[in-house]
Amino acid sequence: MIELVSESRCIKCNICVSVCPTNVFDSVPNAPPTIARQSDCQTCFMCELYCPVDALFVAPETDVLTSVSEAELAKTGLLGSYRENIGWGSKRKSTAKNDQTFQILKQMK
């Protein structure tokens, strides 16, 4: 579920607003988008995937977290981690080969 739009990282491009299939975000003039309908989030990660500056955090759980610290997410590398893991973005390489599912499929060949 979408948990955070980083005010310090967001460049106000509103790509997340555009790509969200369930209209979770609202655009705000001259400000980062707001998470307006968090309960509508399907945890599809599209917003985090398309964010060019890793300003979003989608938690893989579908329950709303009680607290989210931007500083802690940045420190642990979770901001933008979905894009990082699949290799989207400048100078990134996919880490899919490390995924256990890939390893199982590789052995089946």
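This short presentation covers the nonpolar cores, one hairpin and a surface patch of the structure shown above. Please keep in mind that the model is predicted.

I begin with the interior. The largest nonpolar core comprises 15 residues. Those with the most contacts inside this core are Ile-2, Val-24, Phe-25, Cys-47 and Leu-56. Two or more residues come from each of the elements β1, residues 2–5, and β4, residues 56–58. A second core, of five residues, lies apart from the largest one, and includes Leu-4, Ala-59, Leu-73 and Leu-79. In general, nonpolar side chains of soluble globular proteins tend to be buried together.

Which residues does Cys-47 touch, leaving aside those up to four places away in sequence? They are Ile-2, Cys-16, Val-19, Phe-25, Leu-56 and Val-58.

Phe-25 leads us to the hairpin. Strand β2, residues 25–28, pairs with strand β3, residues 31–35, in the antiparallel sense, over three bridges. Within this pairing, Phe-25 has Ile-35 of β3 as its bridge partner. Two residues separate the strands of the hairpin, and Asn-30, in the turn, has a positive phi of about 60°.

Finally, I turn to the surface. Here Ile-15, Tyr-50, Ile-86 and Trp-88 form a nonpolar patch, and their accessible area together is about 320 Å². Tyr-50 belongs to helix α2, which spans residues 46–50. Why does Tyr-50 count as partly exposed? The relative accessible area of Tyr-50 is 36%, and the partly exposed class lies between the limits of 20% and 50%. Tyr-50 is therefore classed as partly exposed, and its value also satisfies the patch criterion of over 30%.

Definitions and conventions:
Residues numbered from 1 in each chain as written. Predicted model: local features only at pLDDT ≥ 70, side-chain atom pairs only at ≥ 80, totals over all residues. Heavy atoms only, no water. Patch = residues over 30% accessible without salt bridge, like charges linked within 9 Å, V, L, I, M, F, W, Y side chains within 5 Å. Areas by Shrake-Rupley, 256 points an atom, 1.4 Å probe, with all protein chains shown as cover. Salt bridge = Lys/Arg side-chain N within 4 Å of Asp/Glu carboxyl O. Helix = DSSP H or I, 4+ residues; strand = E, 2+ residues; numbered from the N terminus. Buried < 20%, exposed > 50% of the residue type's maximum accessible area, 1.4 Å probe, protein only. Core = buried A, V, L, I, M, F, W, Y, C linked by side-chain atoms within 4.5 Å. Contact = heavy atoms within 4.5 Å. Pairing = 2+ DSSP bridges.
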